[in-house]
Amino acid sequence: MVSLSVKTESWPIRGSFTISRGSKTAADVVLVELSDGVHTGRGEAVPYTRYGETIEGVVADIESLRGRLEQGLDRLGLQDVLKAGAARNAVDCAFWDLEAKQAGHPYWQLIGASPPGPVTTAYTLSLDTVENMSKAAAANADRPLLKLKLAGPDDMARVAAVREQAPKARIIVDANEGWSAADYAQLAPQLAVLGVEMIEQPLPAGEDEALAGMKRPVPVCADESCHDTATLPGLKGRYDMINIKLDKTGGLTEALKLKQAAKAEGFGIMIGCMVATSLAMAPAVILAQGAPVVDLDGPLLLDGDRPDGLRFDGGLVYPPEAALWG
């Protein structure tokens with residue numbers, strides 16, 4: 001029998017984190033622990049208001065599993081009990097951690113993968129004034145990959161300022177549904193000239209059908225439009241890539257399926273994250289192997305991190321140690 005522990009935590013963000021939908025100063029997370037009495041597995045998730053999730057709702061969904069866990073609910077059965085989202089993610093990842101500890105093997109061996117190595121992660125520059133984003137770019141000019149949060153009339157000036165301050169960095173941009181089709185048509189060719197490598201979710205998810213009839217001089221990546229494998233068919237012809245986040249897929253189990261299915265359909269792969277601690281990032285490292293774009297910088301945006309957190313060095317993020325996860 002597996003016992004369940006669930007609690008909430010708030011991790012202060014360094015300064016604030018701003019996207020097109022607003023700002024926040026803390027990462028509010030849900031922490032799940034599953035124990036068999038000898039081994040304990042942990043998982044962390046971030047409820048996302050964009051999808052109608054709240055801390056209270058996610059905790060309630062997780063608490064509803066107590067009886068089923070006592071009756072033998074396992075990770076595979078979990079997929080049919082909870083829908084894709086933060087609640088299932090926290091429990092799913094805790095199951096993976098528990099299974100690895102029970103088996104005495106690293107998590108990657110559970111799926112027959114090769115030993116994971118470090119991957120280059122983006123570093124996110126929060127949406128701000130042109131001047132402030134320019135300063136942020138100068139302070140992070142040595143990072144190999146910068147991700148810019150956009151959505152406003154000064155977006156081209158923002159990107160141009162960052163390019164000037166960080167001429168050697170690769171640049172990707174994320175509008176978080178903040179553009180119109182007209183904005184995209186005007187900005188995309190100019191962004192291509194500046195060497196931008198990817199545009200993430202330029203249009204609202206419910207209005208992205210416009211992308212099917214538009215030129216895409218820069219690869220366009222689906223984020224809010226892509227949740228799990230069920231949403232994949234509707235993206236064909238509109239997007240070139242998809243952003244896989246564990247909080248959207250409802251955990252590593254579904255994320256692995258989505259990655260395989262997306263590659264089979266010819267989509268490029270991005271592995272992304274919410275702003276959270278290293279515990280939330282750790283399972284995504286297995287997904288990030290071989291992905292052309294990785295954005296697992298959540299812990300770098302916080303004032304502090306968990307003990308035994310992921311190692312970040314020169315733009316690289318390293319696989320987790322067993323003390324953290326897996």
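This section describes the strand order of a sheet and the packing of helices in a predicted model.

Strands of a sheet pair through backbone hydrogen bonds, either parallel or antiparallel. In this model, 8 strands form an open sheet, and their pairing is parallel. The strands follow one another across the sheet in the order S5-S6-S7-S8-S9-S10-S11-S12. Strand S5 (123–125) and strand S12 (293–294) are the edge strands, each of which pairs on one side only. Within the sheet, strand S6 (residues 145–149) runs parallel to strand S7 (residues 170–174), and 5 bridges join the two. Leu-148 stands opposite Val-173 in S7.

Helix H10 (residues 252–264) packs on the sheet, where it touches strand S10 (241–244) and strand S11 (268–271). The direction of H10 makes about 175° with that of S10.

A contact between two helices was also examined. Two packed helices are described by the angle between their axes and the distance between the axes. For helix H6 (residues 130–139) and helix H7 (residues 155–165), the axes come within 8 Å and cross at roughly 25°. Angles under 35 degrees count as roughly parallel, and H6 and H7 are therefore roughly parallel to each other. Their crossing is right-handed. On the H6 side, the contact involves Val-130, Met-133, Ser-134, Ala-137 and Ala-138; these residues meet Ala-157, Arg-158, Ala-161, Val-162 and Gln-165 in H7. By class, the contact of H6 with H7 comprises 7 nonpolar, 2 polar and 1 charged residues.

Definitions and conventions
Residues are numbered from 1 along each chain as its sequence is written. This is a predicted model: local features need pLDDT of at least 70, side-chain atom pairs count only at pLDDT 80 or more; totals for chains, interfaces and linings use all residues. Side-chain values use heavy atoms; hydrogens and water are left out. Axes are lines fitted to C-alpha atoms, for helices over the stretch in contact, and angles run from 0 to 180 degrees between N-to-C directions. Helices (H or I, at least four residues) and strands (E, at least two) are DSSP runs, numbered from the N terminus. Angles under 35 degrees count as roughly parallel, over 145 as roughly antiparallel, 65 to 115 as roughly perpendicular and the rest as oblique. A crossing is left-handed if the near helix is turned anticlockwise from the far one by less than a right angle, and right-handed if clockwise. Contact means heavy atoms within 4.5 Å. Ala, Val, Leu, Ile, Met, Phe, Trp, Tyr, Cys and Pro count as nonpolar, Asp, Glu, Lys and Arg as charged, and the others, Gly among them, as polar. Two strands pair if DSSP finds at least two bridges between them.
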